[in-house]
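This report concerns the pocket, the surface and selected residues of one protein model. Please consult the sequence and the coordinates shown here alongside the text.

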Amino acid sequence: MNFAATGAKGSNVWIVSGLTNGSVYYFRAYGTAGTSTSPSSSVMGPITIGPPTAGFAVSGTVTF
């Protein structure tokens, strides 16, 4: 399966949609410009899609 990733130019953050919670995926990326395609990156994974398994705590003080 191929999923198109979107992100801002110059950013190293890509957004991928259409994934299913609980599914395991392997990812790799390549770039295209016109008709030229770069070699694919190394494979990353397995990655299981789902909500975080732990919470996050935020503390501090706000003064107005």
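The following paragraphs treat the largest pocket, a surface patch, a peptide bond and a set of individual residues.

The model is predicted, and its local features are reported for residues with a pLDDT of at least 70.

**The largest pocket**

The volume of the largest pocket comes to about 740 Å³. Its lining consists of 20 residues, and those closest to the centre of the pocket are F3, F27, R28, A29 and Y30. Among secondary-structure elements, strand β3, which covers residues 24-27, gives the most to this lining, with three residues. By residue class, the lining of the largest pocket comprises 13 nonpolar residues, six polar ones and one charged one.

**A nonpolar surface patch**

On the surface, a nonpolar patch is formed by V24, Y26 and V43, whose accessible area together is about 310 Å². Of these residues, V24 belongs to strand β3. Is V24 buried, partly exposed or exposed? V24 counts as partly exposed because its relative accessibility is 47%, and the limits of that class are 20% and 50%.

**Strand β6 and a cis peptide bond**

Strand β6 spans residues 44-48 and contains P46. The peptide bond that leads from G45 to P46 is cis, with an omega near 10°. I47 is also a residue of strand β6. With a relative accessible area of 35%, I47 is partly exposed.

**Accessibility and separation of selected residues**

G10 is located in the loop that links β1 (5-6) and β2 (15-16). This residue, G10, is exposed, because its relative accessible area is 84% and the exposed class begins over 50%. A5, by contrast in location, is placed in strand β1. A5 has a relative accessibility of 40% and therefore counts as partly exposed.

The table lists C-alpha to C-alpha distances for three residue pairs, with their separations along the chain.

| Residue pair | Separation in sequence | C-alpha distance |
|---|---|---|
| G10 and F56 | 46 residues | 29 Å |
| I47 and S36 | eleven residues | 29 Å |
| A5 and T61 | 56 residues | 37 Å |

What distance separates the C-alpha atoms of A5 and T61? The C-alpha atoms of these two residues, A5 and T61, are 37 Å apart.

**Summary**

Strand β3 gives three residues to the lining of the largest pocket, and V24 of strand β3 takes part in the nonpolar surface patch with Y26 and V43. In strand β6, P46 follows G45 through a cis peptide bond.

Conventions: Residues numbered from 1 in each chain as written. Predicted model: local features only at pLDDT ≥ 70, side-chain atom pairs only at ≥ 80, totals over all residues. Heavy atoms only, no water. 1 Å grid on protein atoms, 1.4 Å probe; cavity = no way out; pocket = protein on both sides within 12 Å on 5 of 7 lines; lining within 4 Å. Points joined across faces, edges and corners; volume = space filled by probe spheres on them. Helix = DSSP H or I, 4+ residues; strand = E, 2+ residues; numbered from the N terminus. Nonpolar A, V, L, I, M, F, W, Y, C, P; charged D, E, K, R; others polar. Patch = residues over 30% accessible without salt bridge, like charges linked within 9 Å, V, L, I, M, F, W, Y side chains within 5 Å. Areas by Shrake-Rupley, 256 points an atom, 1.4 Å probe, with all protein chains shown as cover. Salt bridge = Lys/Arg side-chain N within 4 Å of Asp/Glu carboxyl O. Buried < 20%, exposed > 50% of the residue type's maximum accessible area, 1.4 Å probe, protein only.
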